[in-house]
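Student: Hi! I am new to this structure and would like to go through it step by step. Could we look at it together?

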Amino acid sequence: MAKIVTPYNDETRGKKEQVEEMFDNIARRYDFLNHLLSLGIDISWRKKAVKYIGGINPRKVLDIATGTGDFALEALVLKPDKVTGLDISEGMMKYGREKAKAMHVENVVEFVKGDSEKMEFTDNSFDAITVGFGVRNFENLEAGLREMLRVLKPGGRVAILEASQPPNTIIRFVFGLYFNYIVPAVGRLFSKDVRAYTYLPESVSVFPSGFEFIKILENIGFRNVEWKPLTLGACALYTMEK
Ligand SMILES: C[S@@+](CC[C@H](N)C(=O)[O-])C[C@H]1O[C@@H](n2cnc3c(N)ncnc32)[C@H](O)[C@@H]1O
């Protein structure tokens, strides 16, 4: 079984509670640090994922672990009837709601507090689902994936983006220096949470990636599961259907 990495290594509390607290803590600086530490490339990753779900012209889109809503707002290029962003962190969604308001799209994008591992939506509710850098933070990965399959309509599409480790040894070494040393240092400098940007590389290092993750998704019941390394493998895009 994979090692469980939690934000604060607090054995008296579950991962979910710690994850919620951590994202509430870093919410104010999340977008700034996200774009800074990825050199703005995260924007292009979300665009690629949205292009994939756009292939079925979805009317109802669910963005799981929506955070500050960047994925949910990106999905608006598909002109859906409704985008629902779901997250356990109210602190993160506060900024998502502000962005939606500034863009005058509050009537299309809604933000709902909820747990991806136990969603309150009925079966077959959504045409498409996106998850950006969220699955790694789930307390029970398989429960979250099963819920995704349940609320997705037959024929619906899912796009998951997750941070990963570059397959090439030299690139992985150079990237590792950046990810394990520079990212935590910059994160500590700008965010109020000293652990958050150390938890990031720690959690990526134990998360199943590439074909290992594909196998889990197929066992859950997804079809046509594929993955694509992005930016030399620093990020991975997983695509699949129900
Ligand atoms: C790294 S942020 C990603 C935000 C956004 N998707 C993006 O692309 O930038 C991860 C988010 O996952 C949320 N999260 C973690 N576990 C969750 C769960 N069980 N249910 C819902 N949201 C969860 C966190 O609260 C956090 O906002």
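Student: How many residues surround the ligand?

Tutor: Good place to begin, and please keep in mind that this is a predicted model. Among the residues around the ligand, the closest are A65, G67, S89, S116 and G132. Counting the whole shell gives 23 residues.

Student: Which element gives the largest share of the shell around the ligand?

Tutor: Let's list the candidates. The elements that give two or more residues to this shell are α1 (15-37), α3 (70-74) and β2 (82-87). The largest share is 5 residues, and the element that gives them is α1.

Student: How many residues of the shell around the ligand are charged?

Tutor: The shell can be divided by residue class. It has 9 nonpolar and 8 polar residues. The remaining class, the charged one, has 6.

Student: Is α1 roughly parallel or roughly antiparallel to α4?

Tutor: Let's start from the geometry. The axes of α1 and helix α4 (residues 90-102) come within 7 Å and cross at roughly 30°. Angles under 35 degrees count as roughly parallel. Therefore α1 and α4 are roughly parallel.

Student: Which residues of α4 make the contact with α1?

Tutor: On the α1 side, the contact is made by F23, D24, A27, Y30 and D31. By class, the residues of this contact divide into 5 nonpolar, 1 polar and 3 charged. The α4 side consists of G91, M92, K94 and Y95.

Student: And α6: is α1 roughly parallel or roughly antiparallel to α6?

Tutor: Here α1 packs with helix α6 (residues 169-190) at an angle of about 150°, and the axes are 11 Å apart. Angles over 145 degrees count as roughly antiparallel. So the relation of α1 to α6 is roughly antiparallel.

Student: How many residues in the contact of α1 with α6 are nonpolar?

Tutor: First, see who meets whom: R29, F32, L33 and L37 in α1 meet V183, V186, G187 and F190 in α6. Of these residues, 1 is polar and 1 is charged. The nonpolar ones number 6.

Student: Now the sheet. Which strands stand at the edges?

Tutor: Follow the order of this open sheet of 7 strands, which is β3-β2-β1-β4-β5-β7-β6, with mixed pairing. Neighbouring strands are turned by 15° against each other on average, direction ignored. A strand with a single partner has one side left without a neighbour in the sheet, so the edge strands are β3 (109-113) and β6 (223-230).

Student: What is the bridge partner of F126 in β5?

Tutor: Strand β4 (residues 126-132) and strand β5 (residues 152-163) pair in the parallel sense over 6 bridges. Within β5, the bridge partner of F126 is L152.

Student: Which strands does α8 touch?

Tutor: Let's take two helices that lie on the sheet. Helix α5 (residues 141-151) lies across β1 (60-64), β4 and β5, running at about 145° to β5. Helix α8 (residues 211-220) also packs on the sheet, and its direction makes about 155° with that of β6. The strands that α8 touches are β6 and β7 (235-241).

Student: Are α5 and α8 roughly parallel or oblique to each other?

Tutor: Their axes come within 10 Å and cross at roughly 50°, and α5 passes α8 in a right-handed crossing. In this contact, E142, L145, R146 and L149 of α5 meet I216, L217 and I220 of α8. By class, the contact has 5 nonpolar, no polar and 2 charged residues. From the angle, the relation of α5 and α8 is therefore oblique.

Note on methods
Residues are numbered from 1 along each chain as its sequence is written. This is a predicted model: local features need pLDDT of at least 70, side-chain atom pairs count only at pLDDT 80 or more; totals for chains, interfaces and linings use all residues. A residue is near a molecule or strand if its C-beta atom, placed from the backbone, lies within 6 Å of it. Helices (H or I, at least four residues) and strands (E, at least two) are DSSP runs, numbered from the N terminus. Ala, Val, Leu, Ile, Met, Phe, Trp, Tyr, Cys and Pro count as nonpolar, Asp, Glu, Lys and Arg as charged, and the others, Gly among them, as polar. Axes are lines fitted to C-alpha atoms, for helices over the stretch in contact, and angles run from 0 to 180 degrees between N-to-C directions. Angles under 35 degrees count as roughly parallel, over 145 as roughly antiparallel, 65 to 115 as roughly perpendicular and the rest as oblique. Two residues are in contact if their C-beta atoms, placed from the backbone, lie within 7 Å. Two strands pair if DSSP finds at least two bridges between them. A crossing is left-handed if the near helix is turned anticlockwise from the far one by less than a right angle, and right-handed if clockwise.
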